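Welcome to the tour! Please open the model in your viewer and get ready to select a few pieces in turn.

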Amino acid sequence: MIRLQRPFLLFLFALLALSAWQWRHGPPVAADLLALLPQGAGDALTLQAEARMAEPLNREVLLLVGHPQRERLPALAERLGQAWSREPLFERVQWQLTPDLPGLRQQLLASRLALAPGQARDELIKTPDTYLQARAAALFDPFAGAGALPLEQDWFGLGLLLQRQLTPASKVQFDAGSGLLLTQGDGLSWALIRARTRADAFDFDAPPQVEALIEAARREVVADGGQLLAASGLRYAAAGQATASREMSLIGGLATFGTLALLLGLFRRWRVLLSLLAVGVALLAGSAACVLLFGQINALTLILGASLTGVAADYPLHYLSKSWKGGPWDATAILRETLPGLSLSLATNLLGYLALACTPFPALTQVAVFSAAGLIGAYLTTVCLLPAWWQRLDLAPPAAPLRVMQRLLELRLRLLARTGSLPLLLALLAFCGAGVWQLHLQNDLRLWLGQDPTLTREAQAIARLTGLQPTSQFFLVRGADADQVLERQTALGQRLDALVSAGQLQGYRALSGLLAPAAAQAELRQALAGWGERLQPLLAVGIPAEALEAELKQLQQLPDLNLDQALAGPLGEPWRPLWLGRTTEGGAAGLVSLQGLGNAQVLQTVAAGLPGVQLVDRLGELRGLFVHTQRLAVELKLLASGAIFLLLLWAFGRRAALRIVCLPLLAALAALACLGWLGQPLTLFSLFALLLITAIGVDYAILMHEAIGGAAVSLLGGLLSGVGSWLSFGLLMLSSTPAIANFGLAISLGLVFSFLLAPWASPPVSHEKDLRHG
Amino acid sequence: MRTLIALLLTLAAPLAQAFDLDDLATQLARPAAVAGSFVQQRYLRALPQPLTSSGHFTLARGLGLLWRLEKPLTQTYRITPGAIAKETPAGWTPLPGSDLAARQSALFLAVLGGDRSGLERDFELALSGDARHWQLRLTPRGALLKQVFDGILIQGGELVEQVEIRETQGDRSLLRLDGQARDALSADQRAAFQ
């Protein structure tokens, strides 16, 4: 083994160099936990649409500046807006609108025939006389509200109808005097400010910078007697990043400290601390492998990975625990004895991780890669480096722990002599059955994000004050060309209108609300051709016939308006993100976004029978995928267990192999049952923990079976590595992210059962033969 | 001569200040009700003749405005601080809540009732004259209003007598009011506000 020292050191230097190169531009760490969720199953266009809809979430910051005195808002908003505009972080900061009136008028004039389908258009076509009478009255109504078009360009009021349709009333109102977007609520007046970041939100630096700017702005506004509310996907990212780094240092620190104390307390030699080298190499190898394979390493992987510490220390611990065997501790000789066991446990672990890596869940894949690479690193360190450095290490560990183990084993034998293994097994299975029966599944995405209540409260307040409640579901509408997309969206719109009037949906935005398809424009032109006979109401109030006829003629000659023209005008701005344009297959596609959805279930049937219309429900899809992944992970794990069984069959024979494979599964089952008894949910994460437990359990079982130095020494080795693992994984119970805490709890339970069941993997003793099932 | 001018100026200064915006607001808000007739003329560049309409109105302090259009067609409107409604056979029907219309009605009430803070939000106010004959010039503040209005000129004595709105594109609207202050509303008028 000494021969391997030099090549290993070379490998270590290479690893260091690789890591240094990977970290040359700062940490390659991604904070977006959602990036670990699987990609949607849809085609390229669906993915493009999802990216388009997610963009505002990742890049926009919405601020509401509130003050009891409305007249102070312009100055407050102006100061904040100006300050943020100077920040290089932002691409655009908008606090004041300066409507382009000439552009607006031009667009209204050009779009008059393209009035989108709805009640107003129906009236023009079906009951023109009623409409014209009302229009004549409106000319003398001092309160009818003036349109942007001057009266002599809009005698018939089509421009006004269009303007009302494209700028519907909302809670946020444009204040013509100050140019601000204002809303009222909670006893204050509020001005809306929107900022858009230059970088992508999940660039590592942007979220904390945005959070710092928000806090600085809040202090200023509060100092002036106002209030500030902010909502942005970036804020969640910032909170996630802060939690990750805090917990990583807390849990990693506790784990390292605990492991140190354990090593020093038991072996009382400074040199045993070299075990931590295995941990260091494991972390380095894990993160290097992840960055190499995925370009970045996710913060979540790092948290779970940091807890790999204890597992990586398993190998040196097993190795050191053989010092209780008695006699002089010869590093090389012990290594030679334990090497087959260590190698087997590495192989079985790798098989387990391989299974996880095959799930379609990036989170599991990344953690599996990290762990596998880390374990290989720790194994190589233990095998190649430590024996050389531990030559002539004189270990004399205290005898007490060994005596406790011996007493425990004797106790177990006495118990077995009285009851036999079978009743115990049946009792355990009954316990498991009852526990599993109480178990409930939970796949809420909220588990995934540790939700900061302050952020959520602010986001809810903004949604309430502005009436903006975007939903994650939307419709993707495809067609042969833009016109067909408009027609299909019109058909979809009619069904959505029904939901809106039933109160199940607050509203929606579709391209078909911006303009009517060409056929409908022609229909309106046709209908207006008959208006020459119906001018009496307007003539009666004194509008000259020439003026009316000239406008009718102009309307007749108005060319068809196409979608690109409509989007280009100032009124088209809110619709622009909805247009995906030409698709690679030669068609065209557009989106329909939704607001204020009560129950996503009502959307399921809306698209039925409408060609080219597809509901995209990322959250629903994810929930389905969570369930699917859970099933897949279990299947893969069973498959991996089969592979491990074959491997052990070759090494130990049938009976031992069966026990070594079944004991960890039983431990995992018991832990699962405990979750049920405790009322804790089974999530993807606790499932992952249980899968990990089966890998760790196989380790213990192999080492117990090998029984190098006797059962008590092996059991002590198992206890030590169990405590080590708990120090790392179990401490994750402290995490404030529910998913991670759930993981920590499951693993702690599993470790306890693995340790309790491990003695059954010992080579059979005469009076213990009745345990056949493992 | 110069001394004489200086003397006149010093004498005139307190006189000019004697009637300020607060005085005007108080003066206009004094009567419990104002009722009378109105004539509105819209001078449009495209038309040789102005579009003319006329009718009667009742302004009740704290309640709002009843606006009865009689020519060229008959229609009654009710403007209260929060809403505008139109009289139909089915009763008072609120007009579709266009923000601009709501703002205009608020502005209209502010002008007639002398609510200064409502006007100052969007316009710069310049008052000249005295209590019996004053002129209030409104110049828009915001970029959008500047693109729409050149200005608004309000004239009056004890009550508002004339409102002239000049639009940037050359159109002009002239509203003449001939009202009488009343101490109380008639029962009919009061009922209309319920």
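Which residue in the hairpin of S2(B) and S3(B) takes a positive phi? Select the three residues between these strands and look for B:Gly62, whose phi is positive and near 80°. Keep in mind throughout that this is a predicted model.

**Stop 1: the first hairpins of chain B**

Widen your selection to residues 51-60 of chain B, which form strand S2, and residues 64-71, which form strand S3. These two strands pair in the antiparallel sense, over seven bridges. To see one pair of partners, show B:Thr58 and then B:Leu66, its bridge partner in S3(B).

Now follow the chain onward from S3(B) to strand S4, residues 75-80 of chain B. The pairing of S3(B) with S4(B) is antiparallel again, this time over five bridges. Here too a hairpin makes the link, and it passes through three residues. Put the side chains of B:Trp67 and B:Tyr77 on display: B:Trp67 stands opposite B:Tyr77, which lies in S4(B).

**Stop 2: another run of strands in chain B**

Next, select strand S8 (residues 133-140) and strand S9 (residues 149-156) of chain B. They run antiparallel and are joined by five bridges. Two pairs are good to pick out. B:Trp134 has B:Gly156 of S9(B) as its bridge partner, while B:Arg137 has B:Leu153 of S9(B).

Add strand S10, residues 160-167 of chain B. Between S9(B) and S10(B) there are seven bridges, in the antiparallel sense. The hairpin that joins S9(B) to S10(B) goes through three residues. Click on B:Phe149 and look across to S10(B), where B:Glu167 stands opposite.

**Stop 3: the whole sheet**

Time to zoom out and show chain B as a cartoon. How many helices and strands does the secondary structure of chain B come to? There are six helices and 11 strands. An open sheet of 11 strands runs in the order S6-S5-S4-S3-S2-S1-S11-S10-S9-S8-S7, with antiparallel pairing. Trace that order with your cursor, and you will pass through the strands you have just visited.

Which strands stand at the edges of the sheet? Select S6 (91-94) and S7 (123-130) of chain B: each has a single partner strand, so one side of each is left without a neighbour in the sheet. Turn the view to look along the sheet, and try to spot its twist, which averages 20° from one strand to the next.

Then colour helix H2 of chain B, residues 21-29. H2 packs on the sheet and touches S7, S8 and S10 of chain B. The direction of H2 makes about 80° with that of S7(B).

Before leaving chain B, take in the chain as a whole. It has 194 residues, of which 24% are buried. Among its contacts between residues at least 6 apart in sequence, 40% join residues at least 24 apart.

**Stop 4: packed helices in chain A**

Two packed helices are described by the angle between their axes and the distance between the axes. Try this on helix H26 (residues 684-706) and helix H28 (residues 738-757) of chain A, whose axes come within 8 Å and cross at roughly 30°. That angle makes H26(A) roughly parallel to H28(A). Their crossing is right-handed. The contact residues include A:Phe685, A:Leu692 and A:Tyr700 from H26(A), and A:Phe743, A:Gly750 and A:Phe755 from H28(A). By kind, the residues of this contact divide into 15 nonpolar, five polar and no charged.

Keep H26(A) on screen and bring in helix H27, residues 711-728 of chain A. The axes of H26(A) and H27(A) are 9 Å apart, and the helices pack at an angle of about 160°. They are therefore roughly antiparallel to each other. This crossing is right-handed. Where do they meet? A:Ile696, A:Tyr700, A:Leu703 and A:Met704 in H26(A) meet A:Ser714, A:Leu715, A:Gly717, A:Gly718 and A:Ser725 in H27(A). That contact comprises five nonpolar residues, four polar and no charged.

**Stop 5: the end of a helix**

Finally, select A:Ala223 in helix H8, residues 206-223 of chain A. Is A:Ala223 buried or exposed? A:Ala223 is exposed, because 8 other C-beta atoms lie within 10 Å, and 12 or fewer counts as exposed. For a last look, draw a line from the C-alpha of A:Ala223 to that of A:Val383: they are 160 residues apart in sequence and 63 Å apart in space.

Methods. Residues numbered from 1 in each chain as written. Chains lettered and ligands numbered in written order. Predicted model: local features only at pLDDT ≥ 70, side-chain atom pairs only at ≥ 80, totals over all residues. Axes fitted to C-alpha atoms, helices over the stretch in contact; angles between N-to-C directions. Helix = DSSP H or I, 4+ residues; strand = E, 2+ residues; numbered from the N terminus. Parallel < 35°, antiparallel > 145°, perpendicular 65-115°, else oblique. Left-handed = near helix turned anticlockwise from the far one by under 90°. Contact = placed C-beta atoms within 7 Å. Nonpolar A, V, L, I, M, F, W, Y, C, P; charged D, E, K, R; others polar. Buried ≥ 20, exposed ≤ 12 C-beta atoms within 10 Å, placed from the backbone. Pairing = 2+ DSSP bridges.
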